[in-house]
Amino acid sequence: MATLLVTGIGELVTNDPFADGAGPAPVHLLRDAAVVVEHGRFAWVGAAADAPAADTALDLGGRAVVPGFVDAHAHLVFGGDRAAEFEARMSGTAYAAGGIRTTVAATRASSDEALQANASRLVAEMRRQGTTTVEIKSGYGLTVHDEARALAVAATLTPEVTYLGAHVVAPEFADDPAGYVDLVTGPMLDACAPHARWVDVFCERGAFDGHAARAILRAGAARGLKVRVHANQLGEGDGVQVAAECGAVSADHCTHLTDADVAALRDASVVATLLPGAEFSTRSPYPDARRLLAAGVTVALATDCNPGSSYTSSMPFCIALAVREMRMTPAEALWSATAGGAASLARDDVGVVRVGARADLAVLDAPSFVHLAYRPGVPLVAGVVAGGVPEPALAR
Ligand SMILES: [Zn+2]
């Protein structure tokens, strides 16, 4: 296999505390750096002046390079959009979880080909903004057939596939929510588990209470699925405690937390995956990232890309929100969007530039990663290296 030398890196964020670099915690920087890639992984990382020879070379001309973003929370398999709902909300109507049912109807009415094309389009959109790892959930089918086909689409795009049959109670079960839980933990799980790595539940008023959420997560875990939870988005509730009890890797949203919730996240080593695009798009108060960081909780950032409450695919935008609105430092926000996302997905081979890790990089048309927050809304990603393969746009 040919080796590739990527050189001319003005500033390389490694997220590797064991590398020589210093820089603002927790990201760690090397200046005037280079990497060598072989078999899709980093084979060497260090100063450009010390770089070994390789079969081919790519000179990035002094640009800043960061690990490819790891977007650990996205709902990309759906039909239609909800621009009208957004317009109404921005005119003063409050967001309710029931809006999901609008997308359920549109998703059921979509062909497999249309669902695949839409999800592929969104993954490509993410890639253009530097995301090289993405998690994709089901949750807009809510029948055995529609959930399974959503996961089959997701599995063509990522290994990080999440079964979210428990997004809301299917409309057919409005008068029998317990019957829907039986479906989600029975025949639907049977059809979906072979496609998925994760099980998730929307534990919230208007969706599933703590009792139902525990049953759903335990059924998924018994089938070998790893656990994540939509928790405490719209108000205080059982979500975080359920996540801690059920061995969840991540509790996502974490917008309304009690002190006991924060302690539970820390003590059970549950990653808090914050989704500021949802608060931005619903004009709601943001999660308190500083409180979580002060308590020693691992914080990830993700887009929550979905047609209802957060229709952004941009990790740089979420970094800018985290810095401006949640008072994370630029370094903390970048770490949470890369290494933090990897922790949220129980991955140690992405979100970091270290020998042996997957060679995933986002190359910035900027001298420093700080520009991701400093220049919000600007398309700074020149291209990505994904699995060791540079996009053609990077060769110039
Ligand atoms: Zn979500």
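**View 1. Gly-296 counts as exposed, with 11 C-beta neighbours inside 10 Å.** That count puts Gly-296 in the exposed class because the cut-off for exposed is 12 or fewer. Bear in mind that this is a predicted model. Gly-296 sits in the loop that runs between α11 (289–294) and β13 (299–301). If you want a second landmark, try Pro-390: Gly-296 and Pro-390 are 94 residues apart in sequence and 36 Å apart in space, C-alpha to C-alpha.

**View 2. Here are the two domains, domain 1 (4–68 + 352–395) and domain 2 (70–344).** Their C-alpha centres lie 29 Å apart. Where they meet, 22 residues come from domain 1 and 22 residues from domain 2. On the side of domain 1 that touches domain 2, β4 (56–67), α15 (371–374) and β15 each chip in at least two residues. The largest share of that side is three residues, and β15 supplies it. Sort the domain 1 residues that touch domain 2 by type and you get 18 nonpolar, three polar and one charged.

**View 3. Now for the largest nonpolar core, a set of 137 residues.** Ile-319, Leu-334 and Leu-364 have the most contacts inside this core. Helix α12 (residues 315–326) gives the largest share, eight residues. Both domains take part: the core draws at least three residues from each of domain 1 and domain 2. As background, nonpolar side chains tend to be buried together in soluble globular proteins.

**View 4. This close-up is centred on Leu-334, one of the core residues with the most contacts.** Which residues is Leu-334 in contact with, leaving aside its neighbours within four places in sequence? They are Val-13, Val-27, Val-66, Ile-319, Phe-369 and Leu-372. Ile-319 from that set is itself among the core residues with the most contacts.

**View 5. Helix α3 (residues 112–128) is shown with what packs over its buried residues.** The helix has 17 residues, so at 1.5 Å a residue it should span 24 Å, and its end C-alpha atoms are indeed 24 Å apart. The buried residues in α3 are Leu-115, Asn-118, Ala-119, Leu-122, Val-123, Met-126 and Arg-127. An α-helix has 3.6 residues a turn, so residues three or four places apart point the same way. Covering the buried residues of α3 are elements including β5 (69–71), β6 (131–134), β7 (136–137), α4 (144–155) and β15 (381–386). After α3 comes Gly-130, with a positive phi near 100°.

Definitions and conventions: Residues are numbered from 1 along each chain as its sequence is written. This is a predicted model: local features need pLDDT of at least 70, side-chain atom pairs count only at pLDDT 80 or more; totals for chains, interfaces and linings use all residues. A nonpolar core is a set of buried Ala, Val, Leu, Ile, Met, Phe, Trp, Tyr and Cys residues joined through C-beta atoms within 7 Å. A residue is buried if 20 or more other C-beta atoms lie within 10 Å of its own, exposed if 12 or fewer, and partly exposed in between; C-beta atoms are placed from the backbone. Helices (H or I, at least four residues) and strands (E, at least two) are DSSP runs, numbered from the N terminus. Domain bounds come from an automatic or database domain assignment. Two residues are in contact if their C-beta atoms, placed from the backbone, lie within 7 Å. The expected span of a helix is 1.5 Å times one less than its number of residues. Ala, Val, Leu, Ile, Met, Phe, Trp, Tyr, Cys and Pro count as nonpolar, Asp, Glu, Lys and Arg as charged, and the others, Gly among them, as polar.
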